[in-house]
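User: I would like to learn how to read local features in a structural model. Please give the general idea for each feature and then the case at hand.

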Amino acid sequence: MASQKIANALAGIESNTHQATKLQQYNELLDNMVASSTGHELAQDLVYYLDSILGEEVSIVSARPLLDSFIKVLQSLQSESKIKVGQHAVTLLQTRSASVEEQDSQIREILADAYESQEEYTAAARALQGIHIDSSQRLVSDDAKARLWIRIVRYYLEDDDTTNAEGFLNRIKNLPSKIEDHDSRLYFKLSQARILDARRRFLDAAQEYFNVSLEIGVDEEDRLVALSAAIRCAVLAPAGPQRSRSLSRLYKDERTPSVEEFGILEKMFLDRLLTANEVAAFAKKLAPHQLAVTSDGTTVLTKAVIEHNLVAASKLYENIHIDDLGSILGLEPSGNLSAGEKAEAYAARMVEQGRLKGRIDQIDGIITFDTGTVGDVPHASGDTKLRQWDLGVQELAEDVERVAASISDQFPEFATSQMVH
């Protein structure tokens with residue numbers, strides 16, 4: 001409840017019928033409230049002040065300048081008081097918002113800032129959602145709409161609400177003009193990557209994160225964060241030709257050796273088997289949704305590693321018994337299925353989807369791998385030694401290239417002199 005002094009002052013002003021004097025008295029009272037009250041008392045007095053200036057005794061024309069003065073005071077309050085007073089203000093303005101849209105918009109933005117400082121991101125998003133952007137009273141450009149919606153998307157993503165976030169991201173996509181502001185465009189791309197990531201569309205997310213890491217005007221540290229996110233998503237993607245291309249693109253980027261995920265990226269790119277310790281270390285860097293259990297009872301990471309190791313095994317063996325393959329993949333018996341039968345199921349699904357080339361002899365329990373191609377060069381089935389030789393030469397050439405690049409970076413004058421000779 002407002003202090004008795006403020007209550008009496010408001011009653012006296014409301015009884016005044018002279019509008020010009022009335023407005024002056026309201027402004028003087030607001031100044032006195034700010035000068036004499038603080039904290040919770042000031043917030044409570046402002047609530048009653050709002051009730052008075054937005055009452056039927058004050059015309060909407062008179063209320064606008066009074067609201068402008070009130071907004072300046074609201075901006076100076078502590079976050080808790082901003083939320084209390086601001087929420088009361090937007091509630092009162094709901095019946096008059098069409099006439100005071102600009103003031104309503106400013107109050108909602110202040111309210112969103114306060115909610116953000118309290119880490120109440122969904123409440124902040126909802127406060128901004130109430131802003132009228134399609135009306136005859138105020139003209140809002142497409143760029144301003146995009147900035148508002150991107151802010152709402154960012155808030156929803158902070159609370160992992162990808163459904164609402166995607167809804168507002170789609171509004172931005174449907175704008176007739178492109179986003180001109182660099183920061184807004186960057187946040188749009190990053191938000192798109194985060195939504196794809198949360199939807200477990202890891203290949204698409206990896207591409208979007210990688211695009212962000214290449215953006216001009218982004219701090220180097222932020223670039224590397226985006227690059228790391230791209231690698232994590234590529235690792236979690238289903239094994240197959242598409243993921244191989246994504247891994248290749250990331251592996252060949254000169255920045256990747258400087259990020260923590262480079263070790264697992266290199267092993268996956270070179271089709272080497274991953275150990276349990278390596279997988280456990282990588283899992284510590286993943287977000288909760290990236291470790292969620294899928295419908296078949298395994299995590300996204302577990303499934304991705306099993307499929308990768310299956311592909312890696314196909315590079316080492318012409319054929320293998322399903323029990324031995326189950327052991328290599330680190331599978332455990334469960335229910336009525338043995339480790340070998342689980343391995344067979346994984347292999348069968350990948351062969352059916354065209355992500356692994358091979359044949360399964362269910363009677364003898366043997367999986368025979370088809371070498372297919374190495375890069376774009378066809379190889380005869382069973383030509384394992386030649387294929388391993390080619391892979392070895394390729395790995396050696398890549399190692400030599402990396403060493404040469406490191407020498408050139410550390411000793412540029414020496415590298416230049418060698419090129420001259």
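Analyst: Let us begin with exposure: a residue counts as exposed when its relative accessible area is over 50%, and as buried when that area is under 20%. The model shown is predicted. Phe411 has a relative accessible area of 51%, so Phe411 is exposed. Phe411 lies in the loop between helix 19 (384-410) and helix 20 (412-420).

User: Which residues make a nonpolar surface patch with Phe411?

Analyst: Val403, Ile407 and Phe414 join Phe411 in a nonpolar surface patch of about 390 Å².

User: Is Ser191 buried or exposed?

Analyst: The cut-off for burial is under 20% relative accessible area. Ser191 has 6% relative accessibility and therefore counts as buried. Ser191 is found in helix 10 (residues 182-198). Leaving aside residues up to four places away in sequence, Ser191 touches Val153, Leu157 and Leu169.

User: How is the span of helix 8 checked against the number of its residues?

Analyst: The expected span is 1.5 Å times one less than the number of residues. Helix 8 (residues 142-158) has 17 residues and should therefore span 24 Å; its end C-alpha atoms are 24 Å apart, which agrees.

User: Which residues of helix 8 are buried, and what covers them?

Analyst: The buried residues of helix 8 are Lys145, Ala146, Leu148, Trp149, Ile150, Arg151, Ile152, Val153, Tyr155, Tyr156 and Leu157. Their cover includes helix 6 (101-117), helix 7 (121-129), helix 9 (162-173) and helix 10. Just after helix 8, Asp160 takes a positive phi of about 60°.

User: How do the side chains of strand 3 point?

Analyst: A strand can be read by asking which face each side chain points to. In strand 3 (residues 366-369) the side chains alternate: Ile367 and Phe369 point to one face and are buried, whereas Ile366 and Thr368 point to the other face and are not buried.

User: In what sense does strand 3 pair with strand 1 and with strand 2?

Analyst: Strand 1 (residues 319-321) pairs with strand 3 in the antiparallel sense over three bridges. Strand 2 (residues 358-361) also pairs with strand 3 in the antiparallel sense, over four bridges. Ile366 in strand 3 serves as a reference point: His321 stands opposite Ile366, and Asp361 also stands opposite Ile366.

User: What do strand 2 and strand 3 form, and which residue in the turn has a positive phi?

Analyst: Strand 2 and strand 3 form a hairpin with four residues between them. In the turn, Gly365 has a positive phi of about 70°.

Terms used:
Residues numbered from 1 in each chain as written. Predicted model: local features only at pLDDT ≥ 70, side-chain atom pairs only at ≥ 80, totals over all residues. Heavy atoms only, no water. Patch = residues over 30% accessible without salt bridge, like charges linked within 9 Å, V, L, I, M, F, W, Y side chains within 5 Å. Areas by Shrake-Rupley, 256 points an atom, 1.4 Å probe, with all protein chains shown as cover. Salt bridge = Lys/Arg side-chain N within 4 Å of Asp/Glu carboxyl O. Helix = DSSP H or I, 4+ residues; strand = E, 2+ residues; numbered from the N terminus. Buried < 20%, exposed > 50% of the residue type's maximum accessible area, 1.4 Å probe, protein only. Contact = heavy atoms within 4.5 Å. Pairing = 2+ DSSP bridges.
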